[in-house]
Amino acid sequence: MASAESDREVSSAICSEFLRFSAKDTASAWLQACDLHKEVYQHLALYVPKIYCLGPNLNPSSEDLLAPLLLLAPLEWYLFGEEPALALARLENNSQPSQLCGHVFKVGEPTYSCRECAADPTCVLCMQCFLGSIHKEHRYRMTTSGGGGFCDCGDAEAWKKGPYCHKHQANSSDCSLQDPLAQLSEDMVARGYNIFSVILKYAVDMLTWDKEDLLPPGLEPPERGDTYYCMLFNDEVHTYEQVIYTLQKAVNCTQKEAVSFATTVDREGRKSVRFGDLQFCEQAKSVIVRNTSRQSRPLKVQVMHSSVVAHQCFALRTLTWLGHILGYSDGLRRVLCQVGLQNGPEGENSSLVDTLMLCDSKMWKGARNVYHQLLMNSLLMDLKYKKLFAIQFAKNYESLQSDYVRDDHDREYSITDLSVQIFTVPSLARMLMVEENLMTTIIRTFVDHLRHRDLQGRFQFERYTALQAFKFRRVQSLIGDLKYVLITRPTEWSDQLREKFLEGLDAFLELLKCMQGMDPVVRQVGQHIEMEPEWEAAFTLQMKLTHIITMMQEWCSTDERVLIEAYRKCLAALSQCHGGFTDGEQPINLSLAGHTVDTIRYQVSQERVSIHLPVSRLLAGLHVLLSKTDLANRFPEQLPLSELSPPMLIEHPLRCLVLCAQVHAGMWRRNGFSLINQIYYYHNVKCRVEMFDKDIIMLQAGASMMDPNHFLMVVLSRFELFHIFSSADCRKRYRDANKDVVQQNNTLIEEMLHLIIMIVGERYVQGVGQVEASDDIRREIIHQLSIRPMAHSELVKALPENESKETGLERVIGSVALFKKPGVTGRGLYELRPESTKHFNLYFHHYSRADQSKAEEAQRKLRRQNGEDSALPPPSPPPLCPLLASVVGLMQSDVLLAVISAVLQWTTEPSGGHWTESMLQRVLHLVAMALLEEKQQLENSSGDDDITFTFNSKISRPGEAPSTSGSILALLESLQNAPHLEAHKHMIQWVLKMVFTIKTMREQHTASTSAVNACGSVEEAVGERDKAERKRKAEMARLRREKVMAQMCEMQKHFINENKELFQQSNEDSDSPGSTTEHSALLAEGPEVLVCVGPRLPGPGPRRRQVVTCILCQEEEEVRADGRAMVLAAFVQRSTVLSKNRTRSPPDPERHDPLFMHPDLAFATHTASCGHIMHATCWQRYFEAVQAKEQRRQQRLRVHTSYDVENGEFLCPLCECLSNTVIPLLPHTHSGVGQGCVQPSLEVWIKSSCQQAASPAGPAGSADSVPEAGVEGAEAPEGSSVDCPISSPFSSSIQGMITTFGTATYKIGLKVHPNDQDPRVPIMSWASCAYTIQSIERLLTDEEKPLFGSLPCRQEDCLSSLARFGSACWTAAPLVTVQNHFTRLLSALVPGVKADNTPCILDIDMFHLLVSSVFSYSSVQRLDQSEMCSLGSAQLHLLHLATVAHLVQILITSVPVDSLMDQEEVCGSEEEEMTFHLYNTLRTLLDSMLPEVSSGWQLWRCVQSGLLPFLRSAAIFFHHLNAVETPPELHVAGPGQWEALCSYLSLPSNLLQLYYNLRTVMEPLVQGWCSHPAVRQTVQGGAPLISFPRESNQLIELPDDYSALINQASSFTCPRSGGDKSRAPTLCLVCGALLCSQSYCCQTEVEGQDVGACTAHTYSCGAGLGLFLRVRESQVLFLAGKTKGCFYPPPYLDDYGETDQGLRRGNPLRLCPERYRKIQKLWHQHSVTEEIGHAQEANQSLVGIDWQHL
Ligand SMILES: [Zn+2]
Ligand SMILES: [Zn+2]
Ligand SMILES: [Zn+2]
Ligand SMILES: [Zn+2]
Ligand SMILES: [Zn+2]
Ligand SMILES: [Zn+2]
Ligand SMILES: [Zn+2]
């Protein structure tokens, strides 16, 4: 405590000194001084330690007050030479606003980029600029900023179009040429220069200062105290929990403080955790170091002298100050830039900015952030100095990157992150490339950091360590930088640029060479591999480089000289890699079909093979460019084409493709998943462009340069299939082969045929085929959509993205697909246009086998539907480019013909596994392709002579191979009718027809007529047969369709039955398991009016039997009072859905008296049921089994379930609906209705009820038995119930279930422990019945549905059983308790009845009162047998009383707008007159506290609309209670309801008559109500008025544009941590509160547990239930209790009808009102918890989430 005392003394001493201080004087003293530096330092040395760091708190508010006065003011005076405020205002007026926006983004702020106009995806706009730009009409992308980075508005290089918004447009004209210094006086420039030099030097000195105890010269404090800080620094190694735990131990703080320390350390990068003398701090340090060094390297802690910390704090402050001053003047900004970049005494690279950058990784986060921000405000905003800074940045590049790699902070805190601001400016990037050789530097730096190599110098990732992996991850950011440099292709090349680019390419080739052949694999035979080799690193590298490789090619394509040179270099690199291609293999000689070739003996299945061949693939890419630009034709002499060795080019790509084929054939099973994964990624959309695709191209290039027969023989040999096709008798191959080998070979043959199809057919890349740039993407889309209709995002995912994350999808999608909008669920889908199906190719090279078979199925189905045959011939391919044109020769080569002929020969024999259908299919496809080729050539040629492609004639001539029996054509003809080839029949026919067509064409060409007739007749016959066949097929298809339709119809019916809820169908189907079979015989008395209450209730009629089926044992059971109990699965939950007051605090569970419900309905209990019925015993057995299973499961492993067994939750055994109790089914007893009885009038009834209530036998006499807290009322007063033993009408099993449900409602509704003796038990189930009816009534009104007939039967069943339960539940409670309740309820309506704590009628929800009093009256009636039969009239009396009371309530609470519209005063109706009169009576009773009105017109409307929900609820209630049929008038919505409703309720339609016809009874009651003191209080404004009707609560209104929400959330700060941005701002959809979710800072304790802001909010806002929108994730969050939650699709959709959960795609999002309404409906229906349950059941990972922390 002593130290605190001295603190105060010091500060008071300073205060007086401070008062004497004059900033102006100090500044003028400085102006005179010869050594400004010394003067200023002296001043700082004196004052800084007096202001900063005087106590344990590092940032007290006094600093914010004192620093500007004592430290900054003199600086400003010096700078301006006048009052700073004036000077700044003047500067602001003079300087033109910058043409750059430069707005620096906060975390979470929305940023916008234009997909059409942005130079690259890093160019972004702030919301302000975006809204004022042309891009808001374009296709834009929206993201949330991760903080840092700034708005590029005004940067002409960043935008292809519209670089300025409205605001920044104005200044774009001239000022860029102006020197900003011209605006300032020379004097000020000089002073600015002086003072900025000193201050910036000071800041740099302090921030880069690494001594803990000393200060730089000139800053030593005049006096030094023994005051130190123990400073804890951030690292990314230790977790939050570790730090919190350590701190609690080391500095003895509470968990809360530790959390706060840890949060600050994480945010600021450092935090003082202890203040005191040296020893005190050292002690804490050693504890922290000891505690954290066990797991990893220790946390960084320093004990620093307070003066050092003080100067550091002020240094940060000066940087902020500088940034602030710059904002006023471009001139001063330039001065600061000059100061910052001026070289220091040490010469090159010694400017202050250099010093800062080079120390970057040594500074703490907070300091880095501040100076980065200043750099962005100064150097990056000044176009001249941005360039100079860029040069310095590039000079230091290597060193900065190395620092970054060693550091462990995230890149956003590193100076290297500024590369995006510099390198993405094309002019700067180009300049740095030329002048600083940036491209080479980046690549070299990257290669330097990757040191793990094998003997040949190739990268070796196989067994690299965690540390290497970590470094590898960090190094990858260099690739990002390279991408920035290359992202804009040059439009003009200078010689220097060529030179430097090619130098960079050299470096790049060095990198690729290290990758060529890396991570080779060898086939594992015998044993499975022991350890899966590491493969991910190599693929990560490949993936990261993919775009770079593509961009390199694009750069090359823009300049012919560069392209030629690059091609040479690449070829040289490839030769170096493979030093000739043989790698020491033995040469062999192969011959087949009369051709011979030399190759090497190499088998993929036995030797090393690698998937990584980037050099070969780059060469393939460049080769295509040569072909595309036609360079090879124009300058063949400049190209090293003669050096090309085609066998060498194809060798390695071919091995790689063979490897894939062998993996497919199952030959590499023992090599494990590592290889499977590699093959997967080789074909994956992320890699294939620079892997698989390029290998195919390389084979195409090779094939174009080789003799086709030679090429194919090499292929056969590498596939290890040569012997099969070369041996004399092909079928010999089966003689001694086992089944596995046969199968393997079959697959290999299939794969090889597929490869040939691809080599010949894939011509959609520019340069391979003669196509447009967009043909490629169009074809991809067609083939994706041939599988099935897809959503936009699915398509995007299936397409390769370029470096700007664009696929080009939008440019072509419209031409091939139609968009179908989504409904309330699902998403918008693209469907292939019918005319595009003709481009479908079954052997599309990007199909996986699974895709292929799906597409095949889909396309065949489509053809069937269109009545076409099932053949799927190839589409006509585009022509090849000249350089590759000779590839077509493959199709008519002798070797291929031999292969085709062999396969066809095999297929003639149906038996055995010697061939496969896929094989045949592929051969037919190849034949078809060849025929199409010939047809095209014929079509495009003028004369016959130039057609070299003569496939047709080749297949017609008999085979030359020794075994061949006939020509291929003959084979095909014989196969077309083979029964075992039925599936291929159409395709064979297609081929034969094409053969004929070509023949005809040729004949036309040659004008020869010979042999036409012979062939023609055959062909015609074929044609005729075809036609008949097709007709038959079409007919069959029609029949099949009809059958399918019928089936679908049936299925639909079934579906509707299963999902009645969805279709809102009334219950007609009486034998579905859930429904009760209860149909009373129609009453024959036609004209009798249906009433649901009162003595005129229809008689019992024939005895109704209710027979139900148990869903568990399937037995039928009749519902009888003395029978076995049947129960409905039910879910009881607390609800605030109808609440009109969300500020009310939750009721205290123990003391709350729930008898009277307040009309604000703030907290209530809702009951729902899925309607499934079980025997009580069956259910109990089921539940016990669930419990037991859960216990076992918990013991074994801590798996959570979606339901909480300990709280009685279970899933309905049939529909898996979340339930937590069961409602017993009770029979309806008609005992109460007796026409013959004397029906007492209201007056008589009131009198007798009053007497009963007051009777000595009645419990109301004893004052203490009025249950208040619910404890003492439990014991039944002796005597009263003993002498009147009541036997329950129910069997014991039913009785038990009555207790079960009653207790459950009580337990959940009040959040208490179960206690079936508590007098509040029956009240809770009555209230739940009332509330459930009210909420259903609201739903029906909101949806404009009729009152009856529109509810799903499960709700009808639930209401019936609730109503009957209510009337029977008194049997489970002590009689007196219930009677007591009745007495108290009655006292609210009949003020004559004495009871304690009766609320006034304004504080009572009348419907709850009605329901409770009707239920509790049952017990009163039990007391006196003589009144048995008058139950009906008692119900009616209670209804009358409640109605009149509600009427009065409405008249008092309605605030009539006394409009001038009611001119019809004179001719007011009877109702209006009476209302008017009654209102005035009330006014008199309340001493004119109610406003005066002039007529009853308005009042009557208020009464009608106010009463309607009550009457409707009452009708539902009595309908279910008394099981009366419903009148047809109420089965339709719309007008005329009022009369029908009143009549059904036995009420006069002029409800005022209830009052006027019984005035003698009513008047005293009304007087009594009004005389309650609370009424006057409320009317006078003592409490908020609830007016009727209560409107349904709506979820909050959401903006149409989602970015408005993001913007709103980005300015939201955490309410607990002083202006800090919230990381997960979350919006409550119920009340609109914004919360700081999922963060330590806003955790609160609820019921003894720390919970996140959302969970805490649900307790006050939704009784434990919450609906939220996580703004940054664009995700709806449902929470229920602490353990349940799920995510739900947001109501925001993009233009493609898709949501964007996680905001990953960034398409603009708009509100979809239908979806929002659906969410609201879930809430209104109380189905949110059920929704969570279903979601959790469907996705188990949701169960494991700690929802309470959100
Ligand atoms: Zn902007
Ligand atoms: Zn702008
Ligand atoms: Zn645009
Ligand atoms: Zn059963
Ligand atoms: Zn169910
Ligand atoms: Zn809320
Ligand atoms: Zn917070």
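This note walks through the zinc sites, ring contacts and internal cavities of a predicted model.

1. A pair of neighbouring ions is a good place to start. The zinc ion (ligand 2) and the zinc ion (ligand 1) lie 4.2 Å apart, and Cys 129 coordinates both. Around the zinc ion (ligand 2), the protein donors are Cys 129 through SG, Cys 153 through SG, Cys 165 through SG and His 168 through ND1, at distances of 2.0 to 2.3 Å. Of these donor residues, Cys 165 and His 168 are buried.

2. The geometry of this site can be read from its angles. The four donor atoms of the zinc ion (ligand 2) make angles of 100 to 114 degrees, and the site is tetrahedral. For reference, the ideal angle for four tetrahedral donors is 109.5 degrees. Along the chain, the donors of the zinc ion (ligand 2) follow the spacing C-x23-C-x11-C-x2-H.

3. Which residues coordinate the zinc ion (ligand 4)? They are Cys 1110 (SG), Cys 1113 (SG), His 1175 (ND1) and Cys 1178 (SG), found at 2.1 to 2.4 Å from the ion. The angles subtended by the four donor atoms around the zinc ion (ligand 4) run from 94 to 118 degrees, and the arrangement is therefore tetrahedral.

4. The sequence positions of these donors deserve a closer look. The donor residues of the zinc ion (ligand 4) are spaced C-x2-C-x61-H-x2-C in sequence. Because Cys 1113 belongs to the loop between strand E10 (1107–1109) and strand E11 (1116–1118), while His 1175 belongs to strand E13 (residues 1164–1175), the pair ties together parts that are 62 residues apart in sequence. As for accessibility, Cys 1113 is partly exposed, with a relative accessible area of 30%, whereas His 1175 is buried, with a relative accessible area of 0%.

5. The zinc ion (ligand 6) is held by Cys 1628 (SG), Cys 1631 (SG), His 1657 (NE2) and Cys 1661 (SG), at 2.0 to 2.3 Å. Its four donor atoms make angles of 102 to 116 degrees, and the site of the zinc ion (ligand 6) is tetrahedral. The spacing of its donors along the chain is C-x2-C-x25-H-x3-C.

6. What does the pair Cys 1631 and Cys 1661 tie together? Cys 1631 sits in the loop between strand E17 (1625–1628) and strand E18 (1634–1636) and Cys 1661 in helix H59 (residues 1653–1661), so the pair links parts that are 30 residues apart in sequence. With 37% relative accessibility, Cys 1631 counts as partly exposed, while Cys 1661, at 6% relative accessibility, counts as buried.

7. Turning to the aromatic rings, the model has a count of 41 aromatic pairs. One of them joins Phe 1301 and Phe 1365 in an edge-to-face arrangement, with 4.8 Å from centre to centre and 90 degrees between the planes. Since Phe 1301 is in helix H46 (residues 1292–1310) and Phe 1365 in helix H48 (residues 1353–1368), this pair ties together parts that are 64 residues apart in sequence. Both Phe 1301 and Phe 1365 are buried.

8. Tyr 1602 and Tyr 1692 also form an edge-to-face aromatic pair, at 4.7 Å centre to centre and with 70 degrees between the planes. Tyr 1602 lies in helix H58 (residues 1602–1610) and Tyr 1692 in strand E24 (residues 1692–1693), so the pair ties together parts that are 90 residues apart in sequence. Both tyrosines, Tyr 1602 and Tyr 1692, are buried.

9. Other ring contacts involve a cluster and charged side chains. Phe 1407, Phe 1415, Phe 1510, Phe 1517 and Phe 1518 are linked into a cluster by ring pairs. Lys 211 lies over the face of Trp 209, at 4.9 Å from the ring centre, and the charged end of Arg 474 sits over the ring of Tyr 404, 4.2 Å from its centre.

10. Finally, a search of the whole structure for enclosed space finds 14 cavities of 30 Å³ or more, and the largest cavity holds about 230 Å³. Its lining consists of 20 residues, among which Leu 1161, Gln 1334, Arg 1338, Pro 1509 and Arg 1590 lie nearest the centre. Helix H47 (1320–1342), helix H50 (1406–1423) and helix H53 (1497–1522) each supply at least two residues of this lining, and H53 gives the most, with four residues.

Terms used:
Residues are numbered from 1 along each chain as its sequence is written. Chains are lettered from A and ligands numbered from 1 in the order in which they are written. This is a predicted model: local features need pLDDT of at least 70, side-chain atom pairs count only at pLDDT 80 or more; totals for chains, interfaces and linings use all residues. Side-chain values use heavy atoms; hydrogens and water are left out. Donors are N, O and S atoms within 2.8 Å of the metal (3.2 Å for Na, K and Ca); water is not among the atoms, so sites may look incomplete. Four donors count as tetrahedral if all angles lie between 85 and 135 degrees; four count as square planar and six as octahedral if opposite donors are over 155 degrees apart and all others between 65 and 115; anything else is irregular. Buried means under 20% relative accessible area, exposed over 50%, partly exposed in between (1.4 Å probe, protein chains only). Rings of Phe, Tyr and Trp (its six-membered ring) pair if their centres lie within 6.5 Å; planes under 30 degrees apart count as stacked, over 60 as edge-to-face and the rest as tilted. A charge sits over a ring if NZ of Lys or CZ of Arg is within 6 Å of the ring centre and within 35 degrees of the ring normal. On a 1 Å grid over the protein atoms alone, a cavity is a set of points where a 1.4 Å probe fits but cannot get out, and a pocket is an open set with protein on both sides within 12 Å along at least five of seven lines; lining residues have an atom within 4 Å of a point. Grid points are joined across faces, edges and corners, and a volume is the space filled by probe spheres set on the points.
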